[in-house]
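Grab a coffee and open the viewer. Here are some short exercises to work through, each with its solution.

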Amino acid sequence: MKSSDQLAHTNECKCLSWKPVVAGALVAVGLSFLLNLFSVAIGLTAYTTNSEGVENLAFGGLIGTAIGVIASMFAAGWLSGYLSQRHCSKRHLGALYGFLTWCVALIVAFFITADAQQYVAYYGHFLAGVNNAAASNAAAAAATQSTNSLVLSTYIVFCLFFLSAFASSLGGHCGMRHVCKNPGSC
């Protein structure tokens with residue numbers, strides 16, 4: 001093997017850079033927060049008291065959340081792929097950059113929300129002042145109804161995660177394939 005072949009091989013192996021991935025993940029967390037907050041605001045203004053309105057609100061909130069997640073993860077993946085162009089000449093790795101951005105954003109979001117979720121659960125029970133007997137009766141009655149809801153909710157959450165991972169990978173692929181027509185302005 002010639003030394004020029006070895007040099008080219010070592011340069012190709014150093015194709016992955018974590019700076020674009022981290023930048024994309026931070027954009028993903030920020031955009032997700034903003035778009036989810038916007039979805040909540042829209043959902044609260046559209047709230048009605050009849051049962052049909054509540055079902056429509058839940059479905060509309062799900063669609064709004066899905067659109068927000070797809071848009072924010074596509075933008076984050078696109079940014080990651082776009083920033084990685086100068087690090088990597090292999091354009092097919094854009095999907096990998098997008099997927100890694102999704103993974104890092106998921107880890108960051110988990111650490112951010114884990115403490116908040118524990119805080120809300122603890123103080124929610126504390127402030128509710130529900131006695132144990134009433135809580136156990138209500139829990140037994142709701143257990144049969146919640147089993148079907150849990151199965152459906154699990155599929156919905158899986159679909160949202162799958163769509164966000166796919167959107168981020170597609171965004172990374174598109175961002176890395178972005179070609180500037182005027183090199184002086186890019």
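The exercises below go from the overall fold to the pocket and then to single residues.

A word on the ground rules: this is a predicted model, where local features need pLDDT of at least 70 and side-chain atom pairs count only at pLDDT 80 or more, while totals for chains, interfaces and linings use all residues. Residues are numbered from 1 along each chain as its sequence is written, and side-chain values use heavy atoms, with hydrogens and water left out.

**Exercise 1. Sketch the fold of the protein and describe its surface.**

Step 1: Take the secondary structure, where helices (H or I, at least four residues) and strands (E, at least two) are DSSP runs numbered from the N terminus. You get 5 helices and 0 strands, so to speak a plain α-α-α-α-α when read along the sequence.

Step 2: Look at burial, with buried meaning under 20% relative accessible area, exposed over 50%, and partly exposed in between (1.4 Å probe, protein chains only). Of the 186 residues, 22% count as buried.

Step 3: Add up the accessible surface (Shrake-Rupley method, 1.4 Å probe). The protein has about 13000 Å² of it, and 69% belongs to carbon and sulfur atoms.

Step 4: Check how far contacts reach, a contact being heavy atoms within 4.5 Å. Among contacts between residues at least 6 apart in sequence, 90% join residues at least 24 apart.

**Exercise 2. Find the largest pocket and say what lines it.**

Step 1: Set the terms. On a 1 Å grid over the protein atoms alone, a pocket is an open set of points where a 1.4 Å probe fits, with protein on both sides within 12 Å along at least five of seven lines; lining residues have an atom within 4 Å of a point. The volume is the space filled by probe spheres set on the points, which are joined across faces, edges and corners.

Step 2: Read off the volume, which is about 780 Å³ for the largest pocket. There are 22 lining residues, and the closest to the centre are Ser32, Phe33, Asn36, Val69 and Ala109.

Step 3: Ask which helices supply the lining. At least two residues each come from α2 (18-45), α3 (51-83), α4 (94-128) and α5 (132-177). The largest share, 8 residues, is from α2.

Step 4: Sort the lining by class (Ala, Val, Leu, Ile, Met, Phe, Trp, Tyr, Cys and Pro are nonpolar; Asp, Glu, Lys and Arg are charged; the others, Gly among them, are polar). The lining has 15 nonpolar residues, 7 polar ones and no charged ones.

**Exercise 3. Describe the aromatic pair of tryptophan 78 and tyrosine 82.**

Step 1: Recall that a pair of aromatic rings is described by the distance of the centres and the angle of the planes. Rings of Phe, Tyr and Trp (its six-membered ring) pair if their centres lie within 6.5 Å; planes under 30 degrees apart count as stacked, over 60 as edge-to-face and the rest as tilted.

Step 2: Search the whole structure, and 4 aromatic pairs turn up. Tryptophan 78 and tyrosine 82 make a stacked one, at 5.0 Å centre to centre with 5° between the planes.

Step 3: Place the two residues: both lie in helix α3, 4 residues apart, about one turn of the helix. Tryptophan 78 is partly exposed because its relative accessibility is 29%, and tyrosine 82 is partly exposed at 28%.

**Exercise 4. Buried or exposed: how do glycine 98, serine 169 and serine 89 come out?**

Step 1: Start with glycine 98 in helix α4. At 0% relative accessibility, glycine 98 is buried. Beyond four places in sequence, glycine 98 touches Gly77, Ser168, Ser169 and Gly172.

Step 2: Move to serine 169 in helix α5. Its 15% relative accessibility makes serine 169 buried too. Leaving aside neighbours within four places, serine 169 contacts Gly94, Ala95, Gly98 and Phe99.

Step 3: Finish with serine 89, in the loop between α3 and α4. Serine 89 counts as exposed because its relative accessibility is 64%. Its C-alpha is 7.6 Å from that of cysteine 15, 74 residues away in sequence.

**Exercise 5. Which residues does alanine 167 contact beyond four places in sequence?**

Step 1: Locate alanine 167 in helix α5, where its relative accessible area of 5% makes it buried.

Step 2: List the partners: Ile70, Met73 and Phe74.
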